[in-house]
Amino acid sequence: MSGPQAPVIGTGSELTLHEPSAALANPSAGVAPRFNLRPGAVVALIVVSHTTIDAYTAFLPPLLPRIMDSFGLSIALAATLSTALSIATALPQPAFGYLADRFGRRAFLAAGPIVAGVFLSLMGMAPSYLILVLLLVIGGLGSAAFHPPGASLVARAGEGRGSGVRMSVFSFGGAAGFALGPISAVAIVGLLGLPGLWVAMVPGVLLGIALWFGVKGRTRVGPGTPPPPPMEVIRMLKGPLGLVFGISVVGSFAQKGILTFIPIIAHRAGVSEAAGAAVLSVYLGAQGLGTLTSGFLTDRLNRQHLLMAVSVLAVPAHILALTLAPASSAAIVMAVCAGFLNMALLPPIVVMAQEILPSGTAASSGIVMGLAWAVGTLGIPVVGGFADAFGPVAAAAWSMPLLLLGALFAMRPSLRAYSHAR
């Protein structure tokens with residue numbers, strides 16, 4: 001199952017951009033005119049924007065202990081903040097992806113860093129818990145609008161070999177942002193206090209403007225083939241698309257568990273806020289290496305075997321990262337291993353999903369990234385409740401074997417057709 005040949009990164013000097021709505025409404029009109037854009041510059045702009053947006057969404061975890069003290073929150077309520085942000089960042093992605101496939105990507109790409117940057121940088125000014133939740137939700141929607149069209153435009157999986165590497169470049173940008181976010185937030189708050197976090201919105205606003213002018217027209221790579229109807233996409237979750245969706249769900253759950261509970265565990269152990277943020281940055285930085293490595297392997301190895309191996313190895317790495325002495329050398333080493341393995345799941349998942357649904361690559365990306373991440377996050381408040389009763393270390397560690405479900409999903413025969421690069 002392969003779509004028209006139109007890779008984003010290539011040797012040509014132009015990126016062909018189309019107006020899908022015009023082409024669909026009047027087929028005789030053909031495609032929109034070409035713009036003299038360098039593909040590498042467009043990709044670089046999207047990747048830098050991805051880094052910035054994911055840095056904003058990583059502001060919350062290291063600040064949770066401070067926010068808990070400010071509002072007098074329990075662990076369960078603090079975990080609910082992470083869940084609200086994660087769901088807003090993830091759950092709407094399939095809808096945004098479908099709209100981007102149908103009507104074009106420009107507005108979604110440009111709005112992402114502006115909305116995420118402004119609202120997530122204002123979290124330090126929230127006068128109440130409810131206002132804080134509202135800011136997190138709106139900022140998360142900005143991230144949700146950006147991810148599916150960004151992944152689709154950069155990766156363009158299902159159009160020949162190399163899609164795994166291209167996806168890994170996009171994923172690496174996000175992982176770098178996740179790594180930079182915690183230490184950036186702590187550094188800004190350390191200098192200016194929580195209210196001073198608003199200064200972080202400036203890069204997001206500038207990047208949104210650059211995307212609006214840099215990605216001209218309502219962009220689409222290749223001809224304006226419409227995605228299948230939404231109900232048909234939903235029905236596809238009963239097949240191979242549902243399996244890679246499930247793998248992504250458990251991977252997301254593990255990641256959100258680490259991001260939510262490591263700062264809380266470190267705080268209760270008397271570790272400084274900066275040290276807790278550093279462990280998160282190490283975990284998230286290792287995810288960048290994981291996605292680059294996995295993107296290379298996705299184009300060369302059996303993807304089913306890759307997903308099975310990574311899912312199994314990730315279990316002990318995540319457990320040890322949570323149970324070893326907070327911020328100790330051993331815990332940091334395990335955080336590196338856990339982060340590397342967690343994000344190694346993403347390139348094969350997204351590439352396979354886009355090959356399963358080649359006419360709706362943004363929609364399929366939104367399903368296995370956004371929707372899956374939202375579903376995986378739903379378990380975090382439950383773990384938070386157990387953490388209040390039994391302690392955060394025990395509750396978080398005992399939840400990590402759920403990653404083994406990913407290995408079981410990857411073994412299913414129906415994924416065999418998508419196990420090798422095309």
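In the predicted model, the crossing of α11 and α12 is right-handed. The axes of these two helices, α11 (240-268) and α12 (residues 273-298), come within 8 Å and cross at roughly 160 degrees. Since angles over 145 degrees count as roughly antiparallel, α11 and α12 are therefore roughly antiparallel to each other. On the α11 side the contact is formed by A254, Q255, I258, L259, I262, P263 and A266, and on the α12 side by G276, V279, L280, Y283, L284 and Q287. Sorted by class, the residues in the contact between α11 and α12 comprise ten nonpolar and three polar ones, with no charged residue.

Helix α11 also packs against α13 (303-323). Here the angle is about 15 degrees and the axes lie 11 Å apart; as angles under 35 degrees count as roughly parallel, α11 and α13 are therefore roughly parallel to each other. In contrast to the right-handed crossing with α12, α11 passes α13 in a left-handed crossing. From α11, the residues that make the contact are I247, A254, I258, I262 and I265, while α13 contributes L307, H318, A321 and L322. Eight of the residues in the contact of α11 with α13 are nonpolar and one is polar, and none is charged. A254, I258 and I262 of α11 take part both in the contact with α12 and in the contact with α13.

A further packing partner of α13 is α18 (residues 392-399), with an angle of about 175 degrees between the two helices and a separation of 9 Å between their axes. That angle makes α13 roughly antiparallel to α18. In this pair, I319, L322 and T323 of α13 meet V393, A396 and A397 of α18, and the contact is made up of five nonpolar residues and one polar residue, without any charged residue. L322 thus appears in the contact of α13 with α18 as well as in that of α13 with α11.

Turning to internal space, the structure holds two cavities of 30 Å³ or more. The largest cavity contains about 480 Å³ of space and is lined by 35 residues, among which F178, Q255, K256, M343 and W373 lie nearest its centre. At least two lining residues are supplied by each of α2 (39-57), α3 (60-71), α4 (75-90), α8 (163-192), α11 (240-268), α14 (329-344), α15 (346-356) and α16 (361-377), and the largest share, eight residues, comes from α11. The lining of the largest cavity divides into 17 nonpolar, 16 polar and two charged residues. Q255, placed among the residues nearest the centre of this cavity, is also listed in the contact of α11 with α12.

The second largest cavity holds about 70 Å³ of space, and its lining consists of I262, I265, A266, V279, A321, L322, L324, P326, A327 and A331. Both α11 and α13 supply at least two of these residues, and the largest share of the lining, three residues, again comes from α11. All ten lining residues of the second largest cavity are nonpolar, with no polar and no charged residue. Several of the names recur in the helix contacts described above: I262 and A266 of α11 and V279 of α12 belong to the contact between those helices, whereas I262 and I265 of α11, together with A321 and L322 of α13, belong to the contact between α11 and α13.

Among the open sites, the second largest pocket has a volume of about 180 Å³. This pocket is lined by P94, A95, Y98, P230, V233, I234, L237, A363, I367 and L371, with α5 (93-103), α10 (230-235) and α16 each supplying at least two residues of the lining. The lining of the second largest pocket is made up of ten nonpolar residues, with no polar and no charged ones. Helix α16 accordingly contributes at least two residues to this pocket and at least two to the lining of the largest cavity.

Terms used
Residues are numbered from 1 along each chain as its sequence is written. This is a predicted model: local features need pLDDT of at least 70, side-chain atom pairs count only at pLDDT 80 or more; totals for chains, interfaces and linings use all residues. Side-chain values use heavy atoms; hydrogens and water are left out. On a 1 Å grid over the protein atoms alone, a cavity is a set of points where a 1.4 Å probe fits but cannot get out, and a pocket is an open set with protein on both sides within 12 Å along at least five of seven lines; lining residues have an atom within 4 Å of a point. Grid points are joined across faces, edges and corners, and a volume is the space filled by probe spheres set on the points. Helices (H or I, at least four residues) and strands (E, at least two) are DSSP runs, numbered from the N terminus. Ala, Val, Leu, Ile, Met, Phe, Trp, Tyr, Cys and Pro count as nonpolar, Asp, Glu, Lys and Arg as charged, and the others, Gly among them, as polar. Axes are lines fitted to C-alpha atoms, for helices over the stretch in contact, and angles run from 0 to 180 degrees between N-to-C directions. Angles under 35 degrees count as roughly parallel, over 145 as roughly antiparallel, 65 to 115 as roughly perpendicular and the rest as oblique. A crossing is left-handed if the near helix is turned anticlockwise from the far one by less than a right angle, and right-handed if clockwise. Contact means heavy atoms within 4.5 Å.
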